[in-house]
Amino acid sequence: QVHLEESGGGLVQAGGSLRLSCAVSGRTFEGYAMGWFRQGPGREREFLAAIDWLDGRTYYADSVKGRFTISRDNAERTVYLQMSGLKPADSATYYCAQDLVPYRSVTMFMETYESAYWGQGTQVTVSS
């Protein structure tokens, strides 16, 4: 059974940094694009960042470009989201997702992520 578990969330002051981790078990990690998303209260789920399985290409939402960095460690079966320059508007539950289909480009994953494996989320709260 596929299981994605996020960790690293918490309370941080504006301007601070956090690193989120997402560990994957029950399934191959290599060969799948990975992504990070968030959802705040009363808001729709928002794409943040994605990383390709083959060449490590990364894509970011404009709202986090230059502040967030996605990376992956295939040996650890983990994807990370390094967040800096955090703002109160970044407060949300953060989710990772793994593409459903192997060996597919990250751009395809970004078009179809609704059908992916999802973790349960980790809460990030940024105080002003």
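This is a short tour of one strand, the loop after it and a cavity.

**Before you start**

The model is predicted, so local features need pLDDT of at least 70, side-chain atom pairs count only at pLDDT 80 or more, and totals for chains, interfaces and linings use all residues. Residues are numbered from 1 along each chain as its sequence is written, and side-chain values use heavy atoms, with hydrogens and water left out.

**Stop 1: strand S8**

Select residues 78-83, which form strand S8. Strands here are DSSP runs of E with at least two residues, numbered from the N terminus. Is S8 mostly covered or uncovered? S8 is mostly covered, with five of its six residues buried. Buried means under 20% relative accessible area, exposed means over 50%, and partly exposed lies in between (1.4 Å probe, protein chains only).

**Stop 2: the partners of S8**

Add strand S3, residues 18-25. S3 and S8 run antiparallel and share six bridges. Two strands pair if DSSP finds at least two bridges between them. Look for Ser21, which stands opposite Tyr80 in S8.

Now add strand S7, residues 68-73. S7 also pairs with S8 in the antiparallel sense, over six bridges. Thr69 has Gln82 of S8 as its bridge partner. Ser71 is matched with Tyr80 in S8.

Color the two faces of S7. Phe68, Ile70 and Arg72 make up the covered face. Thr69, Ser71 and Asp73 make up the uncovered one. In a regular strand the side chains alternate between the two faces of the sheet.

Move to the turn of this hairpin. Four residues lie between S7 and S8. There, Arg77 takes a positive phi near 55°.

**Stop 3: Ser84**

Select Ser84, in the loop between S8 and strand S9 (92-99). Ser84 counts as partly exposed because its relative accessibility is 29%. Which residues does Ser84 touch, not counting those up to four places away in sequence? They are Gly16, Ser17, Arg67 and Phe68. Contact means heavy atoms within 4.5 Å.

Measure two distances here. A polar atom of the Ser84 side chain lies 2.9 Å from the backbone oxygen of Arg67. The C-alpha atoms of Ser84 and Leu18 are 6.6 Å apart, although 66 residues separate them along the chain.

**Stop 4: Ser91**

Stay in the loop between S8 and S9 and select Ser91. Ser91 counts as buried because its relative accessibility is 18%. Its side chain reaches the backbone oxygen of Pro88 at 3.0 Å. The Ser91 side chain also reaches the backbone nitrogen of Val126 at 2.8 Å. Leaving aside neighbours within four places in sequence, Ser91 is in contact with Gly40, Val124, Thr125 and Val126.

**Stop 5: the cavity**

Ser91 also helps line the largest cavity. A cavity is a set of points on a 1 Å grid over the protein atoms alone, where a 1.4 Å probe fits but cannot get out; lining residues have an atom within 4 Å of a point. The volume of the largest cavity is about 40 Å³. Select its other lining residues, including Arg38, Arg43, Glu44, Glu46 and Asp90.

Conventions
Polar contact = N/O pair within 3.5 Å; in protein donor to acceptor, adjacent residues only side chain to side chain. 1 Å grid on protein atoms, 1.4 Å probe; cavity = no way out; pocket = protein on both sides within 12 Å on 5 of 7 lines; lining within 4 Å. Points joined across faces, edges and corners; volume = space filled by probe spheres on them.
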